[in-house]
Amino acid sequence: MNSADIRESYLRFFEQHDHLRVPSAPLLSSDPTLLFTAAGMVPLKQYYLGEAIPPKARMTSDQKCIRTNDIERVGRTARHHTFFEMLGNFSIGDYFKDDAVAMAYEYSTRVLGLPAERIWVTIYEDDAQTADIWRKVGIPRERIVAMGAEVNFWTMGPVGPCGPCSELYVDRGIRHPGDERQHMGDEGDRFLEYWNLVFTQFDRQSDGSLKPLARKNIDTGLGLERMVSIIEDTETDFETDGFLPIIETVARLSHQEYGLDAQITARIRTIADHVRACTFLMAENLLPSNEKQGYVLRRLLRRSQALGRMIGIQGAFMSAVADAVIEQMRQPFPELVPVRDRIKHDMDVEEQRFDRTLQSGLGEFTRAVDAVRKEGEDIFPGTTAFYLHDTLGFPVELTADLLRDAGLTLDREGFDALLAEQRHSGNESSGFEEATRERTGSIRLRDTVGHTHFVGYETLSAEAVVTGLVRDGQIVSSAKAGDHVGLVLSSTPFYGERGGQVGDTGVITTQGARLEVNDTRAPVDGLTIHEGVVSEGVIAAGDAARAEVDGARRAAIARAHTATHLLQAALRAMDPTVQQKGSKVMPDEFHFDFSFRGALDGEDRAALERTVLGYITANVSVRTDVMPLDEARKSGALAFFGEKYGATVRVVTADGISRELCGGTHVRATGDIGILQVKSIRSIGTDTRRIEASVGFGALREFDDQRRSIEELAGILGAAPVAEEIDTAARELVVAVKERDRRIESLTDAAADRRVRELLAQPLKIRDQSVVIAAFDELSADALRRAGDTAEQCLHDGVFIGIATGGDGFAVVKVFGAARSTFSARDIFTALTGKFGGKGGGSDRMCQGRVGGIPTAADLEALLA
């Protein structure tokens, strides 16, 4: 069996056991607490949390995964990867431990053909039930090993679903000296873990206690690369049929023999692994940047490029490796093929960019080595290596190799400590625990008060019942006038903020009470929280209520939301690779973030506005259809990163213009938008742009503001409020100001020249050299340099120190003629900044920069002596 056989046999086996085969979710996770999909259960998390109903209680998948927590170990070990495939079978409230264990054992022995006597398992130390089940299927007691919670107890976060797990191992036998002394749990590859079964049976409370779940779940993960290595009996995952063609491509490009030299072999593996991961990430239209997922992608690409240089590859090469990846993976992941050329182009562009970074990093490295040697040390500081690595993107592997050539040793311990601190800080700052706690709290609130039925697509008002009230994070039975509360209804026309669209506002009334709703949130599916202030009376759970949305505001939001769809269509007409990266839709205005390679100038902005205005004036009807997700995708509807979609979705269509999966609210026809004005287009990251625009009455307000500004400008210029006259008056004013500035500069230069000549008549004498110091008020840097030239022309031999006292205290020091044998401009400037503060640079002949004070004659005597 090869990798394709194992992949298909797994999915088919579980299909035969009544599982639904579900496609791999994107690597770019829609979960806001995660950067990437790192396990098969991640895209199914909403089903485990009860936020959505799964398409079937039993599911199986081959999930693309990215993990970067051990990136430095990739290539140096047999099993670490950034990209890998995780085969999994899942049960949402259906079967539990007995069936999960039985099916895992059956697949391992009957399908894969693993010898039963070589299978070992681990269990959680307090999970005697699972030990009994393993014995029933045929695993003897001596091959069942109990482990602690740090290894065999899975948690989703500080609170929420959790449970024990059981791992399957295969004993590969004695293959190397020392293997006979290995035991389960030891470092080494004799006992190789290949499958993890997670039994989600508890709900961890905020006090740490474990509450049994009413509905127990199964989540399993089997690493494909590792299993192929076991079946094909290779030393590492990198020699398997799924990896070897990529390895061979890297070896060929480097003219190196794989497996001959340990260091070169590790680098070839790392390049193959990293480019494989980058190929899949870039297939999802991710571009290298300095933040979030883009930062990880850039780091992987740069690390690969640097390692390529270390093994002798010159010039751009990663696109050739990407070609090998796509050829190898095109059958299970056909989506790679149509974007092959774009991936290769983007890799080439990033390689060209990093060539410059490599040069700057080498310069910093050389200066740092010189500093270490000047101090008489032979240890290169970990802090410097971390600066090169983290700030300049200069891989630490490259630093370590160059240091070996220079005869120095890297303080790897210091570097690793800083790297660990950065990781720890990143985990703390990610807000994962807080987000998980808030999400779990919202689910519990929904389970307590019941689901909210949303009727806001059909109506802006509805009768309902108050099912819950939240004040200061606690459920309360009632709220009185003046209280700030979150109110939950049995049904609501209020749209809760999600998908980039802001929440509705309006009023909710009960008998004798009124809540002014200033925001609406939908933290999890099925729960809508109306945030506001009770303006009169008392509202209590169980009250009959009437909910009324602010209709004018909702209409303004709908105009803006539909406009984002039209803008997206116009952008994709310019570049089909454009992908939405985020948006915020507000009443009659929005901002829209998207990927875009290249620049967008004023002409592009005007073209976009014209295209969208054409869509608006066509007055095409906008309709919404509800259909299964698969059907929506087949219809060509666009889905975007960051959004979660259920089994049934809403598709918003403007015929001939746009078709998108969208749960937001929209106009009935494009003409309802009225008009669109693009306010700005700016970069918010590498190859990522943001358009800010207004529509409808918002655009009208923008036009009114622009008209008033034009009228005010015309009044200032003494011109009529007509574009041509304002342009003429502004140009005439610019010419007049330039002429005035020229005359002022001329007068200033003349005054400075006179001042310098007066001082030259009686220069100071220090160490038998003529020294002139001149202080000027508000003199420009150019004029100060010209004053120095005058001093040189008149004295021929001497020192000039000129300081402009206004602004930052700019100074010029010149040493000329015979004085250069006595003084250095660099030394004088250093002495001045040492006493008065400041910063600058230059040569022994001339230095310039900022000086924080004016030296007296006595100061100069002391400084220059």
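Q: Where is the place of Thr 833 in this structure?

A: In this predicted model, Thr 833 belongs to helix α22, which spans residues 825-836.

Q: Is Thr 833 buried or exposed?

A: A residue counts as buried when its relative accessible area is under 20%. Thr 833 has a relative accessible area of 17% and is therefore buried.

Q: What does the side chain of Thr 833 reach, and which residues is Thr 833 in contact with?

A: Its side chain reaches the backbone oxygen of Thr 830 at 3.1 Å. Once neighbours within four places in sequence are set aside, Thr 833 is in contact with Gly 838, Lys 839, Arg 850 and Val 851.

Q: How should one read the crossing of helix α8 and helix α10?

A: Angles from 65 to 115 degrees count as roughly perpendicular. The axes of α8 (residues 262-283) and α10 (residues 318-329) cross at roughly 75° and come within 9 Å, so the two helices are roughly perpendicular to each other. On the α8 side, the contact involves Val 275, Arg 276, Thr 279 and Phe 280; α10 contributes Met 318, Val 321, Ala 322, Val 325, Ile 326 and Met 329. By class, these residues comprise eight nonpolar, one polar and one charged.

Q: At what angle do the axes of helix α20 and helix α21 cross, and which residues meet?

A: The axes of α20 (residues 723-760) and α21 (residues 781-795) cross at roughly 35° and come within 10 Å, and the crossing is right-handed. Glu 745, Asp 749, Asp 753, Val 756, Arg 757 and Leu 760 of α20 meet residues of α21 including Ala 783, Arg 786 and Thr 790. The contact of α20 with α21 has seven nonpolar, one polar and five charged residues.

Conventions: Residues numbered from 1 in each chain as written. Predicted model: local features only at pLDDT ≥ 70, side-chain atom pairs only at ≥ 80, totals over all residues. Heavy atoms only, no water. Axes fitted to C-alpha atoms, helices over the stretch in contact; angles between N-to-C directions. Helix = DSSP H or I, 4+ residues; strand = E, 2+ residues; numbered from the N terminus. Parallel < 35°, antiparallel > 145°, perpendicular 65-115°, else oblique. Contact = heavy atoms within 4.5 Å. Nonpolar A, V, L, I, M, F, W, Y, C, P; charged D, E, K, R; others polar. Left-handed = near helix turned anticlockwise from the far one by under 90°. Buried < 20%, exposed > 50% of the residue type's maximum accessible area, 1.4 Å probe, protein only. Polar contact = N/O pair within 3.5 Å; in protein donor to acceptor, adjacent residues only side chain to side chain.
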